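Here is a request to read one structure closely, through a set of questions and reasoned answers. The sequence and the model come first, and the discussion follows.

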Amino acid sequence: MKQTIKPENENNSEPKKPESVNYHFTRLCNYKCGFCFHTQKTSFILPLERAIYGLKLLKEAGTRKINFAGGEPFTKANFLGELIKQCKENIKIEKVSVITNGSLVKRSFFEKFGKYIDVFGVSCDSFDAETNKKIGRGTKGDNVKKLFEIRELCKEYNIKFKLNTVVCSYNKDENMVENIKKLDPYRWKVFQVLLVKGENEGGDKLRDVTKFQITNEEFEQFKKRHEELRCMVAESNDNMKSSYLILDEYMRFLDKGDGEEIHSESILDVGVEKALEVIHYDKNEFIKRKGDYLFNDRDPCLKCEVKNEIVSDF
Ligand code: SF4
C-alpha cells in the first residue's frame, strides 16, 4: 500500500531528508539484461545546466551522497563526468559514486574525473561468458577481463571498488567465491532479481522478468554458498522495495515498491520536499539493509577502510 512519506523526527515537525539519492540520468544502455527494471522507455536526458541545478536543490534539501546510475551512465560519459565534477567541486556533496556495467569505461575517464569519485561500482552477474550472454549482458568483448581492468584502475586512482550482482535463475547455482576474493571489492551487493510493474513484467513492457525469477529459498542458498565473504551485503526483494530514493531522467522520484511504479513531479518544477511527498520511502528497510551506516558506525564489511560512510545505492 502506498503511503505518504512521514516526517522522521518524533515531533513530526521536520520532513525527511533525502540523504542518499540514486540519480538515473539516462535510460540508454548498450546491454539488454532480461530482468532490467530501469528500461529504455525514453531517450530523454536533461540539459547539463538543468541537471546541475537539480543536484544543487538536492544538496540544499540534505543530500550527502549521490550515486549516478542508468541505463548505462557511460553511454553519456562526458555528461556523467561533468556532473561528478560539479558535485564535488561546486555543489559539495560529500560522497559521489557511480554504478556501471563496465563495458564502456575507459582509462581516460579515470584520468579526467577519477579524483572526484569515492566509490566505483560495477555490475557483474556471472564469471561465465555463456551465462552472461543468456542474461543479456553483452555479446561482444570479455566482461570479466574488463571487470579486472577496472578493478586495477580503481586501485591506481585510489577509488573504492564495489560489485553488484543480481541473482536470477541463470546464475543462482554459480559459486563466485574465488573470483570475488580476487577482485577484493570493499562491498559486494547481492540482489534477488526483482519484478517492477511498469518495467519488466512482460506483456507490452520491454522486459519479461518471469523466466529470471527465483524463490526466496534459492536466494538464501546463494547467500549461504558465499557467506564466508565478509564484503557481501545481500538484499532480498523485501529489503529492496521502497528503500531506495530513485530519481529518473526528468528528476522525478520513482517508487518501485509494490504495485505499479509511480513517480513524483520533477524536483525542478516543485522542489525536493514536495516531490518526496508522493513517494513511499521506507526508512526501516533502508536501515535494515545497512544503508544508514554513515550515521551509526555499523560497517558491514570488516575490510572497509573508512567508517561512517553512507552507502545506499545500487
Ligand atoms: S546493464 Fe543495467 S541498465 Fe543495462 S540492461 Fe542491464 S540491468 Fe538494465
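**Strand E9 and its surroundings**

Q: In strand E9 (residues 252–255), which residues point the other way from Arg252 and Leu254, and are they buried or exposed?
A: This is a predicted model, in which local features need pLDDT of at least 70 and side-chain atom pairs count only at pLDDT 80 or more, while totals for chains, interfaces and linings use all residues. Residues are numbered from 1 along each chain as its sequence is written. Arg252 and Leu254 point one way from E9 (strands being DSSP runs of at least two residues, E, and helices runs of at least four, H or I, numbered from the N terminus). A residue is buried if 20 or more other C-beta atoms, placed from the backbone, lie within 10 Å of its own, exposed if 12 or fewer, and partly exposed in between; those that point the other way, all buried like Arg252 and Leu254, are Phe253 and Asp255.

Q: Which residue in E9 is the bridge partner of Leu247?
A: Two strands pair if DSSP finds at least two bridges between them, and two bridges join E8 to E9, which run antiparallel. The hairpin of E8 and E9 has four residues between the strands, and in it Met251 takes a positive phi near 65°. The bridge partner of Leu247 in E9 is Phe253.

Q: Which residue in E10 stands opposite Asp255?
A: E9 and E10 pair in the antiparallel sense over three bridges. In E10, the residue opposite Asp255 is Ile262.

Q: Which are the edge strands of the open sheet?
A: Ten strands form this sheet with mixed pairing, in the order E7-E6-E5-E4-E3-E2-E1-E8-E9-E10. An edge strand here pairs on one side only, and the two are strand E7 (232–235) and strand E10 (262–266).

Q: Which residue in E8 is the bridge partner of Tyr23?
A: Strand E1 (residues 20–24) and strand E8 (residues 246–247) pair in the parallel sense over two bridges. The partner of Tyr23 in E8 is Leu247.

**Helix H2**

Q: What do the buried residues of H2 pack against?
A: Helix H2 (residues 77–91) has 15 residues and reaches 20 Å from its first C-alpha to its last, close to the 21 Å expected at 1.5 Å a residue, a span taken as 1.5 Å times one less than the number of residues. Its buried residues are Leu80, Gly81, Leu83, Ile84, Cys87 and Ile91. Counting contacts as C-beta atoms, placed from the backbone, within 7 Å, they pack against helix H1 (48–61), strand E2 (65–69), strand E3 (95–100) and helix H3 (107–113).

Conventions. Contact = placed C-beta atoms within 7 Å.
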